Amino acid sequence: DLRPLRIALLNLMPDKIRTETQIARVDGSTPLQVEMTLLNTGSYKSRNVPERHLIDFYHTWDEVRHERFDGLIVTGAPIETLPFEAVDYWDELCAILDWAQDHVCRSFYLCWGAQAALQHFHGVPKYELEQKLFGIFQHHIVTPGSSLLRGFNDEFSMPVSRHTEVRREDIPDDPDLVILAESPESGLCLMEDRAHKAVYMFNHLEYDADTLKREYERDLAAGADIQVPKNYFPDDDPSKPPVNHWRSYAHLLFWNWIYEIYEHMPFDISKIGET
């Protein structure tokens, strides 16, 4: 008698096919049935994905705004150094974040998407870094006992790839805002926003083993001043294939998030937002 969970993925990444595959892999790793609805913005049209793919598989938010979902995932986007208000689809994104409060059971915001949601809901700024934070960094659990981190070790590795950061001192003193994990090198990693039924992850557990390698090679080809990602290639040698040390944590985190949705989902999806 259990209905499938409806998860909407607002995919803001240019390589939408690779990103949707990464998210589908971790969302589909539980015994629960998940139906994913792919979304893109109506106010900005991606130029890096075949138009046929967008037509066949994606909806704009306007097309689904009358619907309800058990979960919403918002990805990052390669626009970190832009002020939030300078992003072409910022107004639409803010409307989606507000819409999610009444139409979605739980939300999960990744990287720039997490920074954007934290700014929108709490006015928390982001800061540009002198150099891209790039590599595999050790993180530790700050709040033991969180259901989202069930099964995690006290310390765990996670890919980081960003030009900006959110700082701990700017997080409001609010009991509904809980820091779950952070790193002495890369800073805040994972937060829970209970009032907005949201999770913020500033890094990338969903990444494939070769994602940082592809980013590194892309930046080199573009002539960017990019360092070899830290703690990533064996012996820091880019000719050696990287090893995935974070895959199990990716599946654990998303499994825990999916299970939390399952615990709170109404059987009648139209009831989402009534409590």
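**Helix 5, the nonpolar cores and a helix crossing**

Just after helix 5, G123 adopts a positive phi of about 70°. The model in which this residue appears is a predicted one. Helix 5 itself spans residues 112–122, and 9 of its 11 residues are buried, so the helix is largely enclosed by the rest of the structure. The buried positions are W112, G113, A114, Q115, A116, A117, L118, Q119 and F121.

One of these residues, A117, leads on to the nonpolar interior. In soluble globular proteins, nonpolar side chains tend to be buried together. Here the largest nonpolar core comprises 44 residues, and those with the most contacts inside it are I73, F108, L190, M201, L205, L253 and W257. Helix 7 is the greatest contributor to this core, supplying 7 residues. A second core, separate from the largest one, has 39 residues, including W99, A117, I171 and A198.

L190 illustrates how a residue of the largest core is surrounded. When its neighbours within four places in sequence are left aside, L190 is in contact with L149, V178, I179, L180, A181, V199, Y200, M201, F202 and L253. Two of these partners, M201 and L253, are themselves listed with L190 among the residues that have the most contacts inside the core.

Helix 7 also packs against helix 1. Two packed helices are described by the angle between their axes and the distance between the axes. The axes of helix 1 (residues 16–27) and helix 7 (residues 247–264) come within 8 Å and cross at roughly 70°. Because angles of 65 to 115 degrees count as roughly perpendicular, helix 1 is roughly perpendicular to helix 7. On the helix 1 side, the contact is formed by R25, V26 and D27, which meet A250, H251, F254, W257 and I258 of helix 7. By character, the residues of this contact divide into 5 nonpolar, 1 polar and 2 charged. W257 thus has a place in the contact with helix 1 as well as among the residues with the most contacts inside the largest core.

The cysteines remain to be considered. A disulfide is a covalent bond between the sulfur atoms of two cysteines. The structure holds 0 disulfides. For C94, the nearest cysteine sulfur belongs to C111 and lies 17 Å away. C94 is buried, with a relative accessible area of 12%. C111 is likewise in no disulfide, and its nearest cysteine sulfur, that of C189, is 11 Å away. C111 also counts as buried, at 5% relative accessibility.

Conventions: Residues numbered from 1 in each chain as written. Predicted model: local features only at pLDDT ≥ 70, side-chain atom pairs only at ≥ 80, totals over all residues. Heavy atoms only, no water. Axes fitted to C-alpha atoms, helices over the stretch in contact; angles between N-to-C directions. Helix = DSSP H or I, 4+ residues; strand = E, 2+ residues; numbered from the N terminus. Parallel < 35°, antiparallel > 145°, perpendicular 65-115°, else oblique. Contact = heavy atoms within 4.5 Å. Nonpolar A, V, L, I, M, F, W, Y, C, P; charged D, E, K, R; others polar. Disulfide = S-S within 2.5 Å. Buried < 20%, exposed > 50% of the residue type's maximum accessible area, 1.4 Å probe, protein only. Core = buried A, V, L, I, M, F, W, Y, C linked by side-chain atoms within 4.5 Å.
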